[in-house]
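Q: Please take a close look at one part of this model for me, and explain the terms as you go. I am new to this, so a careful, connected account would help.

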Amino acid sequence: CKPCDVSCSTCNGPSFLNCLSCSNQRYYLNGKCFSSCPNGYYNYDQSSICLNCHPICSTCDGPSIFNCLSCQGSLTKINNQC
């Protein structure tokens with residue numbers, strides 16, 4: 001047995017790319033743990049999991065078109081919509 005990377009709570013290998021869940025104050029996405037969810041993702045229900053924003057959102061706080069905090073590309077946010 002080898003220990004998990006320090007960012008992982010559980011893992012299937014020793015690398016930071018092998019996380020199955022994250023240690024405290026880290027957010028899980030595709031086998032990695034982040035200090036915050038990257039652009040294009042949001043923290044699901046205050047858990048430690050990052051999920052996809054709506055495709056037109058660059059940043060968001062939920063999955064719908066109405067949860068965009070900023071917009072992709074040349075789109076502009078007007079009345080909470082891109």
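A: A good place to begin is C4, which is partly exposed, with a relative accessible area of 29%. On this scale a residue is buried under 20% relative accessible area, exposed over 50%, and partly exposed in between, with a 1.4 Å probe and protein chains only. The model is predicted, so local features need pLDDT of at least 70 and side-chain atom pairs count only at pLDDT 80 or more, while totals for chains, interfaces and linings use all residues. Residues are numbered from 1 along each chain as its sequence is written, and side-chain values use heavy atoms, with hydrogens and water left out.

C4 forms a disulfide with C11, and their sulfur atoms are 2.0 Å apart. A disulfide is a covalent bond between the sulfur atoms of two cysteines, and here the term is applied to a pair of cysteine sulfur atoms within 2.5 Å. The C4 and C11 disulfide is left-handed, because the torsion about its S-S bond is about -90 degrees. When the whole structure is searched in this way, seven disulfides are found, and two others among them deserve a close look as well.

One of these joins C22 and C33, whose sulfur atoms are 2.1 Å apart. Its S-S torsion is about -95 degrees, so this disulfide is left-handed. C22 belongs to strand β2 (residues 19-22) and C33 to strand β4 (residues 32-34), so the pair ties together parts that are 11 residues apart in sequence. A strand here is a DSSP run of E with at least two residues, numbered from the N terminus. Both C22 and C33 are buried.

Another disulfide links C71 to C82, with 2.1 Å from S to S. The torsion about this S-S bond is about -90 degrees, so the disulfide is left-handed. C71 is part of strand β8 (residues 68-71), whereas C82 lies in the segment after β8, so this pair ties together parts that are 11 residues apart in sequence. At a relative accessible area of 14%, C71 is buried, while C82, at 24%, counts as partly exposed. One cysteine stands outside this pattern, since C1 is in no disulfide, and the nearest cysteine sulfur, that of C11, is 9.7 Å away.

Cysteines also appear in the largest nonpolar core, which has five residues, namely Y42, C53, C57, C60 and C68. Such a core is a set of buried Ala, Val, Leu, Ile, Met, Phe, Trp, Tyr and Cys residues joined through side-chain atoms within 4.5 Å. If neighbours within four places in sequence are left aside, Y42 is in contact with a list of residues that includes C37, C50, C53 and C60, as well as I49, L51 and P63. Contact means heavy atoms within 4.5 Å.

We can now return to the region around C11 and look at the loops there. N18 lies in the loop between β1 (8-11) and β2, and with a relative accessible area of 22% N18 is partly exposed. Beyond its neighbours within four places in sequence, N18 is in contact with T10, C11, N12, G13 and G31. The last of these contacts reaches across the chain, for N18 and G31 are 13 residues apart along it, yet their C-alpha atoms are separated by 5.4 Å. K2 gives another view of G31: these two residues are 29 apart along the chain, and their C-alpha atoms are separated by 17 Å. K2 itself has its place in the segment before β1 and, at 68% relative accessibility, counts as exposed.

Two loop residues call for a word about the backbone. Most residues other than glycine have a negative phi. Q25, however, has a positive phi near 65 degrees without being a glycine; Q25 is found in the loop between β2 and β3 (27-29), and at 72% relative accessibility Q25 counts as exposed. N30, which is not a glycine either, has a positive phi of about 50 degrees. N30 sits in the loop between β3 and β4, and at 62% relative accessibility N30 counts as exposed. To come back to the strands beside these loops, C22 in β2 and C33 in β4 are the pair described above, and C22 and C33 are both buried.

Methods. Helices (H or I, at least four residues) and strands (E, at least two) are DSSP runs, numbered from the N terminus.
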